[in-house]
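User: I'm new to protein structures and would like to learn how to read one. Can you walk me through it, feature by feature?

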Amino acid sequence: MKRTFKGSCHCGRVRLEADIDLDDGSFKCNCSSCTKNRLWLAPVKPQDFGLISGEDALTEYESTRTLQYFCRFCGVRLYGLAKDEAADVAFRNVSLGCLDDVDPAELAIMPVQYLDGRNDDWGSAPAEHRHL
């Protein structure tokens, strides 16, 4: 069931909310950016995402497939913009680590899909993903 979660960066300047169905799952990618940031992400449709405050505190980084948004004060990545070219739908990738009101027990049973971004094979899981 979809629920509204609130999230923030470490310093609290940037706050967001997102409607997420934890049963729909999440993903972890082995591309260099996701690996270095140890990101665990949930896709969110544009209409299910909103910035509550701190837009002026955001800075962005553009990678090959996403535009990533960070708090320029504490450095936490809150979300990214990605485009699913097959479906022609833009969506946000919200960092589950930024959610302030999610129960860790719910995250522990949340389905996770692993993506082989390092080899640009987005439809397959990497051979090794335990470190992600």
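Analyst: Let's go through confidence, strands, burial, rings and cysteines in turn. This is a predicted model, where local features need pLDDT of at least 70, side-chain atom pairs count only at pLDDT 80 or more, and totals for chains, interfaces and linings use all residues. Residues are numbered from 1 along each chain as its sequence is written, and side-chain values use heavy atoms, with hydrogens and water left out.

User: What does the chain average in pLDDT, and which strand has the lowest mean?

Analyst: pLDDT is the predictor's confidence in each residue, from 0 to 100. Where it is low, the predicted coordinates should not be read in detail. Here the chain averages 91, and 95% of the residues score at least 70. Among the elements, strand β8 (residues 77-84) has the lowest mean, 84, while strand β2 (residues 15-21) has the highest, 98. By the way, strands are DSSP runs (E, at least two residues), numbered from the N terminus.

User: How do I read a sheet, and what is the order of the strands in the open one?

Analyst: Strands of a sheet pair through backbone hydrogen bonds, either parallel or antiparallel. Two strands count as paired if DSSP finds at least two bridges between them. The open sheet here has 3 strands in the order β1-β2-β5, with antiparallel pairing. β1 (2-8) and β5 (49-53) are at the edges with a single partner strand each, so one side of each has no neighbour in the sheet. From one strand to the next, the twist averages 25° (axes are lines fitted to C-alpha atoms, and angles run from 0 to 180 degrees between N-to-C directions). β1 and β2 are joined antiparallel over 7 bridges, and one example is G7, whose bridge partner in β2 is L16.

User: Which strands form a hairpin, and how many residues are between them?

Analyst: That's β6 and β7, with 3 residues between them. Strand β6 (residues 58-62) runs antiparallel to β7, joined by 5 bridges; look for Y61, whose partner in β7 is Q68. E60 is in β6 too. Leaving aside neighbours within four places in sequence, E60 is in contact (heavy atoms within 4.5 Å) with L67, Q68 and Y69. The C-alpha atoms of E60 and G80 are 8.8 Å apart, with their positions 20 residues apart along the chain counted as the separation.

User: In what sense do β3 and β10 pair, parallel or antiparallel?

Analyst: Parallel, over 4 bridges. In β10, F27 has Q113 as its bridge partner.

User: Are the two faces of strand β3 covered or uncovered?

Analyst: In a regular strand the side chains alternate between the two faces of the sheet. A residue is buried under 20% relative accessible area, exposed over 50% and partly exposed in between (1.4 Å probe, protein chains only). Both faces of strand β3 (residues 26-29) are covered: S26 and K28 on one side, F27 and C29 on the other, are all buried. Over in strand β10 (residues 112-115) you'll find L115, which counts as buried because its relative accessibility is 11%. Not counting residues up to four places away in sequence, L115 touches F27, K28, C29, N30, W122, S124 and P126.

User: How many aromatic pairs does the structure hold?

Analyst: A pair of aromatic rings is described by the distance of the centres and the angle of the planes. Rings of Phe, Tyr and Trp (its six-membered ring) pair if their centres lie within 6.5 Å; planes under 30 degrees apart count as stacked, over 60 as edge-to-face and the rest as tilted. The structure holds 2 such pairs. F49 and Y79 have ring centres 4.6 Å apart and planes at 50°, so this pair is tilted. It links distant parts of the chain, F49 in strand β5 and Y79 in strand β8, 30 residues apart. Y79 counts as buried because its relative accessibility is 6%. The rings of Y69 and Y79 have centres 4.8 Å apart and planes at 15°, so that pair is stacked. Ring pairs link F49, Y69 and Y79 into a cluster.

User: How many disulfides are there?

Analyst: A disulfide is a covalent bond between the sulfur atoms of two cysteines; the cut-off used is a pair of cysteine sulfur atoms within 2.5 Å. By this rule the count is 0. C31 is in no disulfide, with the nearest cysteine sulfur, that of C34, 3.7 Å away. C71 is in none either, and the nearest cysteine sulfur to C71 is that of C11, 3.7 Å away. At 2% relative accessibility, C71 counts as buried.
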